[in-house]
Amino acid sequence: KYCLPQRSNQPPFQAIKSVFANANFRAFAISDLMYWLSLTFIQMGIGYYVSVLLELDPKHSTTFLTGMLGLSFLFYYPINVAARKFGKRPLLLFAFLGFIGTFSLIFFLGKIPLSPVYQLTLIGLLAVIPTALFSILPNAIVADIANADGEKTGDYKAGMFFAARNFMMKLGISLANLIFPTLLLFGKGVGNDFGIRLTGALAVLFCIIGWWFFRQYQE
C-alpha cells in the first residue's frame, strides 16, 4: 500500500561503487560519519562530565539523557512541518551548528558561573532540538538521495544507500571507541581532567567538519 518495490540488477560491489560515486551521498555520508563520531564521544563522556567536571552524583547522567531524549520527542512534529516548508538541508546545517555550540560548553563545564545542576540542564536544553533534527532528517535525506539517483539512472538501489549509511554510522561509533580512551590518558580525574575536556573539544571539531561537508549537499 505504501511502497513501490524496485529491483536493482547491479552486482553488490558495483552497486556500492555507484552509491559512493553519487556526489550528494558522499557529502552526506562524510558529514554523517562526523556526526556519529561526535555523538559517540558525548555518549561515552557523559558519565565523566557529570561525575568529574561537575562533581555530581553519577545518577544525574541517566536523568540528563532521559530528559533530553524525552523533550526531543516534542519537536518531532514541528520539525516535519519545518522540513516541508524550509527543506531538510538548512535544518540539518542548523543542527550541526547547534551541536557545535552545545559541545563547546563541555570544555568549560565546572568553570561556568552557574551551579553544576544548572550547567547540566543548560547543555541538555540546548541539545534537545539538534537531537530531534538528527533523529528524523538523516534517514529522510538518504531516501531523497536514493530516489533521485533511481530516477536519474533508472536503477533503484535504496537498500544499498541505507546499508552504506549504516556502515558509516558503525564506522563512526567504532572509531570513537578507539579514540576516546586515548584522550583520557591526558587526564580523567578531578583536578586532572584535561583529557575529558579534550573529548568535548574534539566532538566540536568533528561537528565543524560535518557541517562543512554537508554544505556541499544539494537538496
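**Entry 1: checking helix H7**

I began with a rule: the expected span of a helix is 1.5 Å times one less than its number of residues. I keep in mind that this is a predicted model. I then applied the rule to helix H7, which runs over residues 158–184. Its 27 residues should span 39 Å, and the end C-alpha atoms are 40 Å apart, so the two values agree.

Next I asked myself: which residues of H7 are buried? My list reads Phe161, Ala164, Arg165, Met168, Met169, Gly172, Ala176, Phe180, Leu183 and Leu184. I was pleased to find their partners too: these buried residues pack against helix H1 (12–20), helix H2 (23–53), helix H6 (116–153) and helix H8 (194–214).

**Entry 2: stepping back to the whole chain**

How many helices and strands does the chain have? I noted eight helices and zero strands, and along the sequence the pattern reads α-α-α-α-α-α-α-α. I looked up the extent of the C-alpha trace as well, and along its principal axes it spans about 60 × 35 × 30 Å.

Of the 219 residues in the chain, 43% are buried. I also looked at contacts between residues at least 6 apart in sequence, and 77% of them join residues at least 24 apart. The accessible surface comes to about 11600 Å², and carbon and sulfur atoms hold 67% of that surface. For charges, I wrote down 17 positive and 9 negative side chains, with the centres of the two sets 3 Å apart.

**Entry 3: where H2 meets H8**

I picked methionine 34, which sits in helix H2. Is methionine 34 buried or exposed? Its relative accessibility is 11%, and the cut-off for buried is under 20%, so methionine 34 counts as buried. Leaving aside neighbours within four places in sequence, methionine 34 is in contact with Phe206, Ile209 and Gly210. I also looked up a pair of C-alpha atoms: methionine 34 and phenylalanine 213 are 179 residues apart along the chain, yet 9.4 Å separates them.

I followed one of those contacts to glycine 210, in helix H8. Glycine 210 has 0% relative accessibility, so it counts as buried. Not counting residues up to four places away in sequence, glycine 210 touches Ser31, Met34 and Phe96. The C-alpha atoms of glycine 210 and leucine 37 lie 9.9 Å apart, with their positions 173 residues apart along the chain.

**Entry 4: two residues of H6**

Threonine 131 lies in helix H6. With a relative accessible area of 11%, threonine 131 is buried. What does its side chain reach? I found the backbone oxygen of alanine 127, at 2.6 Å. Beyond its neighbours within four places in sequence, threonine 131 is in contact with Met68, Leu69, Ser72 and Phe99.

Aspartate 149 is also a residue of helix H6. I might have guessed that a charged side chain would stay outside, so I checked: at 9% relative accessibility, aspartate 149 counts as buried. Which side chain makes a polar contact with the side chain of aspartate 149? It is that of lysine 157, at 3.2 Å. Setting aside neighbours within four places, I listed the contacts of aspartate 149 as Asn22, Gly154, Asp155, Lys157 and Phe161. I had already met Phe161 among the buried residues of H7.

**Entry 5: two residues in loops**

Glutamate 55 is in the loop between H2 and helix H3 (59–73). Most residues other than glycine have a negative phi. Glutamate 55 has a positive phi of about 55 degrees although it is not a glycine. Its relative accessibility is 56%, and exposed means over 50%, so glutamate 55 counts as exposed.

My last stop was asparagine 192, in the loop between H7 and H8. At 47% relative accessibility, asparagine 192 counts as partly exposed. Apart from neighbours within four places in sequence, asparagine 192 is in contact with Phe186 and Gly187. How far apart are the C-alpha atoms of asparagine 192 and phenylalanine 75? I noted 38 Å for this pair, which is 117 residues apart along the chain.

Definitions and conventions. Residues are numbered from 1 along each chain as its sequence is written. This is a predicted model: local features need pLDDT of at least 70, side-chain atom pairs count only at pLDDT 80 or more; totals for chains, interfaces and linings use all residues. Side-chain values use heavy atoms; hydrogens and water are left out. Helices (H or I, at least four residues) and strands (E, at least two) are DSSP runs, numbered from the N terminus. Buried means under 20% relative accessible area, exposed over 50%, partly exposed in between (1.4 Å probe, protein chains only). Contact means heavy atoms within 4.5 Å. Accessible areas come from the Shrake-Rupley method with a 1.4 Å probe; for residues, only the protein chains shown count as cover. Lys and Arg count as positive and Asp and Glu as negative; His and the chain ends are not counted. The place of a charge is taken as NZ of Lys, CZ of Arg, CG of Asp or CD of Glu. A polar contact is a pair of N or O atoms within 3.5 Å; within protein, one must be able to donate a hydrogen and the other to accept it, and residues adjacent in sequence count only if both atoms are side-chain atoms.
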